[in-house]
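Visitor: I have just opened this entry, and I would like some help reading it. Could you show it to me and take a few questions?

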Amino acid sequence: MSAGLRRASRHQEEKDDEVPQWIPGLGQDKPKPRTLGTSFFGYVPDAFVEKTPYLPSEQSADALKKEAAVEPVKAAEQVADSLEQEIVPRDSIERNGQRDMDASSDEGVVTEEVIVPRRVGQASAEPWDVLSPVDIEDGSGSAQNRLLIKGGRVVNDDMMQDADVYIEDGIIKQVGTNLHTPGGTRVIEAKGHLVMPGGIDTHTHMQMPFMGTQAIDDFYTGTRAALAGGTTMIMDFALPQRGESLIEAFHRWRTWADPKVCCDYAIHVGVTWWSDKVAQEMEELTNEQGVNSFKMFMAYKDTWQLNDEELLESFKRCKELGALAQVHAENGDVIKENSKKLLELGITGPEGHEMSRPEEVEAEATNRACVLANQVGCPLYICKITSKLAASALGQNLRRGTLVWGETIAAALGTDGSHYYNPCWQHAAGHIMSPPLRNDPQTPGFLMELLDVGDLQTTGTDNCTFSAAQKALGKDDFTKIPNGVNGVEDRMSVIWEKGVVSGKMDPCRFVAVTSTNAAKIFNIYPKKGRIAVGSDADIVVWNPHATRVISAKTHHQAVDFNIFEGMEVHGIAEFVVCHGRVVVEEGEVRAISGMGKYVPTPVFNPHVYGRLEERERANAPCKVERAPYEGPVAQLNGQGMQEGGIIPVQQETFYTRGPTRSGGVNLHDSSFHVSGRQRDDDLLPRTSIKLVTSPNSSSSLLGTFW
Ligand code: URP
Ligand code: ZN
């Protein structure tokens with residue numbers, strides 16, 4: 001147990017005898033006595049005896065290791081059968097440059113073979129389906145798979161209720177009071193706790209190859225850390241290199257993720273270059289692989305950056321396929337130019353990163369992306385907004401009717417860009433990410449308020465971690481510092497602290513911005529993002545009273561640095577349930593690699609596309625019916641130049657009304673005509689203008705022109 005968590009538990013013990021204080025200050029009803037009813041469970045013998053069965057999550061570390069040594073082989077066989085995968089020897093994985101997952105595992109999953117999917121199966125599923133479940137334990141509804149979370153306050157995005165939650169085989173089966181549950185059901189006492197949907201981190205990059213190196217948190221350490229913090233699903237990005245097949249990149253990411261993930265995951269695919277083949281592959285990914293969002297980069301010039309024409313093409317394609325277009329919104333051309341200038345000035349340290357990418361560079365790209373997407377009627381999602389200006393640009397477009405959604409990240413909500421100016425190079429470089437954090441202490445609060453009012457909707461982390469040694473690749477040149485920070489573990493706590501504890505948002509809004517909105521926008525709601533009958537049992541039992549101090553020394557991530565170092569946060573994921581399994585228990589993580597599942601995301605999401613059809617009908621361009629033009633037409637020669645001299649201008653009159661009765665010009669006629677000809681063209685031009693000076697000032701600069 002980490003020092004921070006030990007401290008949290010002590011804190012909790014001290015509070016055990018107290019009446020739980022609900023946030024924000026509501027009292028807790030006494031649990032009502034249970035009575036035998038006539039429902040199905042009423043006839044289950046022992047239905048009201050609360051037992052705590054022997055779950056794998058409660059086993060000792062030794063027992064867990066023994067189990068794990070056997071289980072993955074079984075799991076491997078199942079996976080190979082159901083997904084047409086091949087089992088390849090571990091050393092071939094290492095030859096491919098992938099870190100052995102066991103090296104990063106302290107949970108003791110001893111895998112002698114690693115599963116590599118050749119090509120995953122068909123995944124164009126409904127939101128309720130999950131692609132090819134890889135169940136480590138049998139899902140036959142045994143006592144092991146029954147769980148009751150009792151006495152907590154259930155929080156959804158739209159309501160809170162004091163209710164118990166009964167789970168069977170990974171699915172929520174009942175929510176309410178006085179539930180009848182079968183014997184042998186394990187009980188988690190949640191009195192004084194909030195019972196919320198597990199977090200969904202919309203933006204991660206586990207083990208991503210980037211800037212010559214590879215992110216140090218892989219799909220095992222990263223998703224295990226996610227669970228530790230109350231996040232039960234991540235959305236990662238498969239990013240092909242320029243010219244590379246999108247489908248191959250997608251399968252490579254699946255190959256990396258499937259054997260390692262401890263929580264569920266979905267994949268967004270990057271459109272990092274453009275061609276007919278890319279357009280065709282996008283279709284295959286949406287139809288067959290459960291991908292419903294594509295990300296385009298407006299930054300990273302010379303690698304992933306698309307120009308406006310390519311952006312338009314990709315937006316049009318997303319729209320045809322019913323997918324959501326995402327953008328990394330920063331102007332890569334300006335960044336390249338600025339970086340060059342700064343390096344020439346001798347500014348080589350991390351501060352150069354922030355200086356080269358000012359807020360307006362992010363805001364310009366945000367606005368441009370909104371305009372381009374709106375012009376072709378494509379719904380748009382702006383990733384990881386870090387600045388006030390960019391968030392405001394998004395808000396303006398939103399209010400003009402653009403179909404756009406905005407994500408911000410834990411880093412931008414929990415810390416700021418003053419760290420780039422820290423005299424310690426390592427500390428400053430540890431905060432490098434793009435778009436950068438802003439050197440303004442007001443920005444985090446501003447972004448949090450936008451989440452509360454709904455101008456921004458989701459929170460990710462852009463979790464893409466590099467150790468100090470990896471960051472040092474850019475020790476003499478800030479443009480070479482690998483971009484990326486941590487966050488997957490601490491996102492929920494940071495948002496709780498800065499959002500709820502600060503009084504900016506209530507627990508329902510917290511749920512909305514940490515899970516529900518993401519589930520809606522990526523079309524997996526209400527399977528995810530809701531505590532309701534039929535939803536996946538991905539649940540966090542949140543202790544709002546406990547505190548911990550965030551530190552790289554105690555976090556679960558592989559990276560040796562934490563951008564939130566030293567921050568004391570209230571709110572701890574005391575129990576985390578993923579697919580009905582207790583994976584965090586009183587702060588102890590008991591995750592198993594490979595137990596997470598790939599979650600396909602279906603296209604034509606009604607939440608995203610619902611308004612589009614009607615809107616396009618309502619706003620369809622209308623032709624003006626008019627008599628054909630019958631006057632002379634200028635002739636162009638082969639060089640596109642006019643031939644035959646100037647055609648004399650016809651004497652036409654612009655006036656539609658005759659002169660006034662006294663013979664003057666009818667002032668209802670405009671003096672301006674769209675042809676460019678004006679009604680006073682025949683008069684000599686005036687040689688001067690009259691300047692009227694302000695009566696209050698002698699300065700001619702304050703004058704007005706007539
Ligand atoms: O700094 C970041 N965000 N690194 C990962 C790549 C990206 O921009 O998403
Ligand atoms: Zn990213």
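Visitor: Which protein residues are the donors of the zinc ion (ligand 2)?
Guide: Happy to help, and do keep in mind that this is a predicted model. The protein donors lie 2.0 to 2.1 Å from the zinc ion (ligand 2). Two of them use NE2 atoms and one uses OD: they are His203, His205 and Asp462.

Visitor: Is the site of the zinc ion (ligand 2) tetrahedral or irregular?
Guide: Four donors count as tetrahedral if all angles lie between 85 and 135 degrees. Here the angles among the four donor atoms run from 84 to 151 degrees. The site is therefore irregular.

Visitor: How many residues apart in sequence are the parts that His205 and Asp462 tie together?
Guide: Along the chain, the donors follow the spacing H-x1-H-x256-D. His205 sits in the loop between strand E10 and strand E11, while Asp462 sits in the loop between strand E19 and helix H15, so the pair joins parts whose separation in sequence is 257 residues.

Visitor: Is His205 buried or exposed?
Guide: Buried means under 20% relative accessible area. His205 has 4% relative accessibility, so His205 counts as buried.

Visitor: How much of ligand 1 does the protein bury?
Guide: Around ligand 1 there are 14 residues, with His205 and Asp462 among the closest. A polar side-chain atom of His205 is 3.0 Å from an oxygen atom of ligand 1, and a backbone N or O atom of Ser434 is 2.9 Å from an oxygen atom of ligand 1. Taken alone, ligand 1 exposes 270 Å², and of that the protein buries 100%.

Key. Residues numbered from 1 in each chain as written. Chains lettered and ligands numbered in written order. Predicted model: local features only at pLDDT ≥ 70, side-chain atom pairs only at ≥ 80, totals over all residues. Heavy atoms only, no water. Donors = N, O, S within 2.8 Å, 3.2 Å for Na, K, Ca; no water. Tetrahedral: all angles 85-135°; square planar, octahedral: opposite > 155°, others 65-115°. Helix = DSSP H or I, 4+ residues; strand = E, 2+ residues; numbered from the N terminus. Buried < 20%, exposed > 50% of the residue type's maximum accessible area, 1.4 Å probe, protein only. Near = heavy atom within 4 Å. Polar contact = N/O pair within 3.5 Å; in protein donor to acceptor, adjacent residues only side chain to side chain. Areas by Shrake-Rupley, 256 points an atom, 1.4 Å probe, with all protein chains shown as cover.
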